[in-house]
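Q: Could you take me through the salt bridges of this protein, one pair at a time? I'm new to this, so please explain the terms as they come up.

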Amino acid sequence: MMKLFIKTSLTLVIVIFSIGLVNAQNRKLDSLNILISKAVTDTSQINLSLIKLDIFSTINLDSAINLGLKVLEKSQSIKFYRGEVDVRIKLIYNYCYKGNFSAASEQLKFLGQVIKPTNDSSDYADFYSVNGLFNGMQSKYDSSIYYYKKSIRIYERIRNSKRLAQTYSNIAIGYQQQSNFPAALLYFQKAIDLYNRDKNKLEIAYAYLNLAGTYSNLGDFERSEITFLTTIELAKKNLLKNVELYAYTNLSSLYMDQQNWQKSYEFAIKAAELGNVMGDHGIQAASLSKASLSLSNLKEFDKAFDLSKQAIFLADSSEQPFIINQAYSSLGFALMMQKNFKAAIPYYEKGLNSLKDADLYIAEIGKIFKELSECYEKTGSHSKALEMFKQFSLIQDSVRSRDNIQKATELTMNYEFNKKQESEKAIQQAKDDVTYARQVGLIVGLVLSFIIILGAFIGYYNKRKANNLLQQQKEEIENTLVKLKNTQAQLIQSEKLASLGEMTAGIAHEIKNPLNFVNNFSEVSNELIDELKIELKKNNLDGVTQIVEELKQNLERINLHGKRADSIVKGMLLHSRGTS
């Protein structure tokens, strides 16, 4: 009955959403269809069809792909270069979101053959950008960032602010998935600045979505929740179903981080239902996985198993490594929560195996390694448990290290912002003081003039007394000014010393990380030497070989982190020398 209920619920919501979408988009699509039918040239029809394709991309991926293939065929038949390039790029985007990477790869290959150099090189920038998306959707973030950087250099040179803002936002997601939050924050801010400058309301909705994710990574859950909910309102207002979808699934993750399992489940189901409507089976699978995890934490294991199996079926067809890992790991987690550790292991292994070529360094992956380590330990596979725990520790150290950099960046940004505000206040205060001094001076001058005039009648004695009073006031003002300058100099010196202290603490932390690794692996090596002696006494050559191999790996890691520490010190020395 539970399976039937879930399926019926999904179908019911699909009908409701579909009716809403048809009513909302009808007028816009009808207007386009009329314009397309009245277009007098083939190129005009193609350009209008590309606008229609963009609308379909936010409603249903299958419809967008079908229309794109028709537009591609027509563009090729009349040898319309611009139309062919634009539609291939849009097809690559839709195929990637659909999870059909083989079709996306084929379109990329043809795009590389068709593309021609232009005066502003914008086609090459678009080609690099779509390559960034293609790799990023497969969790190959090193390659994704590489291509996005190439496209950014061109977009910046030709000042294409619209594409530049989109690419800033996309590369920020890559950095975020590698836990490089300072770089992510920098590029998100750049994107938002451009969107606000151009007053692009639609793109601002995407920017809010990404900004909410950044707040979540910074641990500001309250602001993240508010921003996600604002994003949903903007998406509904502008009929951006894909933005609404991503906001739902990210809200589910946010509530999961807060261990609010019921809310996490509710928003995950909303995302799964809308993903099904749009034909985005990747997000649908990811959202079902999150719903399963929430149910497992609520001890509702039967429903969790059912959702995980649905997620696995969809994820396997999506070809997206991270989503495949989420689906299999959710089933592994459900089994582990029931203390069925042996049955959980294969699902965790399948999930992690899908990430073998991925460039992911996030806490979520580290958590899966830790859970798998616990399963191995409970089933007696202690060596595998240790290996998985080491992987968890490495990822945790990477995230923690980047988190420290993130905090330092936040402090620096806040410091610079506060200093800017203080500087502006000081400038304004100085202007006010000058104005006030002029007013006081004018009044004093009038008073003194009156005194001088009066003194002329009263006599020389009173005139001399007035002059002495004026001199005394002047000296007091000069003394006050000297005190203010001395106080200002002391404040500046204190701020410099405080900044130097923060920088020194940061450097010490960076050097401490590799040294901790050297010490830890040295201790483990000492323990292995003791085990080696025991195995030698037993004449157990297999055990000796295994221990020697582990010793070799530990020495390599000691050497690696020793070089890492040496690199940090050399960098500090090089920086301290200074250059012209």
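A: Let's start with D86, which forms a salt bridge with R82, their closest N and O atoms being 3.2 Å apart. A salt bridge here is a side-chain nitrogen of Lys or Arg within 4 Å of a carboxyl oxygen of Asp or Glu. The general idea is that side chains of opposite charge can pair when their charged atoms come close. Because D86 and R82 are four residues apart in helix α4, about one helical turn separates them. R82 is partly exposed, as its relative accessible area is 29%. The pair isn't on its own, either: salt bridges that share partners join R82, D86 and D123 into one network.

Two quick notes before we go on. This is a predicted model, where local features need pLDDT of at least 70 and side-chain atom pairs count only at pLDDT 80 or more, while totals for chains, interfaces and linings use all residues. Residues are numbered from 1 along each chain as its sequence is written, and side-chain values use heavy atoms, with hydrogens and water left out.

Now for the words I've slipped in. Helices (H or I, at least four residues) and strands (E, at least two) are DSSP runs, numbered from the N terminus. As for exposure, buried means under 20% relative accessible area, exposed means over 50%, and partly exposed is in between (1.4 Å probe, protein chains only).

Helix α4 (residues 81–98) turns up again in another pair. Here the side chains of D54 and K90 meet in a salt bridge, at 2.9 Å from N to O. This pair links distant parts of the chain, with D54 in helix α2 and K90 in helix α4, 36 residues apart. D54 has a relative accessible area of 36%, so it is partly exposed. K90 counts as partly exposed too, at 21% relative accessibility.

Helix α2 also brings us to D42, which forms a salt bridge with K74, and there the closest N and O atoms are 4.0 Å apart. Since D42 lies in helix α2 (residues 42–57) and K74 in helix α3 (residues 61–77), the pair ties together parts that are 32 residues apart in sequence. D42 is partly exposed, with a relative accessible area of 36%. Its partner K74 is partly exposed as well, with 31%.

And the full tally? The structure holds twelve salt bridges, the pairs D86 and R82, D54 and K90, and D42 and K74 being among them.
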